Amino acid sequence: MKRIASVMVMQARDWATWLLGPWIVLGATFVICLLIALCIDWLWRGSIPVYSGAVACIAVVMLAVAIGTVGGTFPFAVGFGTRRRDYLLGTLAWSVAYCACWAILLGLLSLIEASVFKNWGVGLHFFHLPIFSDGSPLRQFCWPSPPYDLSCAHSDPNYVSGGSSWQQLWVSFVLLLFMYLLGLLLGSIYQRFGRTGEFFFFGIVFLLLSVFVLLSSYWQWWGTISGWLVQQSAAALGLWLVPLLAIFALASYALLRKATV
């Protein structure tokens with residue numbers, strides 16, 4: 001446990017990467033969206049709410065930070081005698097704690113935006129996005145009737161603008177952790193196989209996606225897929241990411257076991 005804790009402390013010491021970088025990106029993105037909302041509010045006199053998905057930038061930052069973490073800390077930790085298993089467990093423990101803190105912070109900002117500042121006075125929905133807790137994002141704009149054939153008949157009458165804070169907290173946490181572990185996997189691939197391994201990995205992913213699109217189009221699966229997605233809430237979709245989290249973690253461990261420093 002002490003070795004795992006020492007890895008967590010080592011990761012936390014890079015405060016510029018873990019704290020300063022994400023805040024700069026998130027703050028700059030928020031200011032840009034706020035200026036856009038101000039312009040829209042002035043032109044249309046507040047009649048049009050602005051729903052921005054730009055808060056997802058923090059997930060992109062999480063991916064980039066995780067990729068750099070392996071190359072920046074793995075050789076250093078192993079060089080000082082840290083076991084590879086302890087390094088991975090410590091990094092995973094740190095990632096869970098870090099993503100949980102960010103999920104709580106985003107939940108608080110969502111509460112402040114919705115209840116205190118009332119969408120910043122210009123109808124901006126930056127942190128508080130009902131689609132995270134009110135059901136499928138497709139239901140707000142497109143509610144197809146059976147057999148779910150991609151044609152939108154009308155909006156879902158059951159779509160509301162409230163939602164559970166716990167569901168939004170869960171969605172934020174699992175999404176951030178998913179992006180972090182994906183970045184950890186990409187960094188592990190690079191550490192094990194170098195640039196060639198990265199090219200091979202993305203080539204395989206592109207090939208699999210191409211085959212999936214081809215088969216879905218040939219066998220006309222898109223209607224079934226869209227019908228299933230319409231019935232899922234964001235919280236339920238987050239549960240489907242949990243098996244991928246385990247796969248990413250195990251694959252990263254397998255790669256780092258054989259990686260050179």
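Which residues form one aromatic cluster with W120? Keep that in mind; the solution comes in Exercise 4. The model is predicted.

**Exercise 1. Find the salt bridges of D86 and give the N to O distances.**

Solution.
- Step 1. Recall the idea: side chains of opposite charge can pair when their charged atoms come close.
- Step 2. Fix the cut-off: nitrogen and carboxyl oxygen must lie within 4 Å.
- Step 3. Test R3. Its side chain meets that of D86 at 3.8 Å, N to O. The distance is within 4 Å, so the pair counts as a salt bridge.
- Step 4. Test R83. The closest N and O atoms of R83 and D86 are 2.9 Å apart. This pair is a salt bridge too.
- Step 5. Check the total. The structure has two salt bridges by this rule.

**Exercise 2. Explain what the D86 and R3 pair ties together, and describe the network around it.**

Solution.
- Step 1. Place D86: it lies in helix α4, residues 84-116.
- Step 2. Place R3: it lies in helix α1, residues 2-12.
- Step 3. Draw the conclusion. The partners are 83 residues apart in sequence, so their salt bridge ties together distant parts of the sequence.
- Step 4. Sort by accessibility. Under 20% means buried, and over 50% means exposed. D86 has 4%, so D86 is buried. R3 has 48%, so R3 is partly exposed. R83 has 41%, so R83 is partly exposed as well.
- Step 5. Join the bridges. Shared partners link R3, R83 and D86 into one network.

**Exercise 3. Classify two ring pairs: F76 with F80, and Y218 with W219.**

Solution.
- Step 1. Start with the total: the whole structure holds 17 aromatic pairs.
- Step 2. Take F76 and F80. Their centres are 4.8 Å apart, and the angle between the planes is 45°. Planes under 30 degrees apart count as stacked and those over 60 as edge-to-face, so 45° makes this pair tilted.
- Step 3. Add accessibility. F76 is partly exposed at 48%. F80 is exposed at 67%.
- Step 4. Take Y218 and W219. The ring centres are 5.1 Å apart and the planes stand at 90°, so the pair is edge-to-face.
- Step 5. Add accessibility again. Y218 is exposed at 62%. W219 is exposed at 52%.

**Exercise 4. Name the members of the aromatic cluster that holds W120.**

Solution.
- Step 1. List the Phe members: F30, F117, F126 and F127.
- Step 2. Add W120 to complete the cluster.

How values were computed. Residues are numbered from 1 along each chain as its sequence is written. This is a predicted model: local features need pLDDT of at least 70, side-chain atom pairs count only at pLDDT 80 or more; totals for chains, interfaces and linings use all residues. Side-chain values use heavy atoms; hydrogens and water are left out. Helices (H or I, at least four residues) and strands (E, at least two) are DSSP runs, numbered from the N terminus. Buried means under 20% relative accessible area, exposed over 50%, partly exposed in between (1.4 Å probe, protein chains only). Rings of Phe, Tyr and Trp (its six-membered ring) pair if their centres lie within 6.5 Å; planes under 30 degrees apart count as stacked, over 60 as edge-to-face and the rest as tilted.
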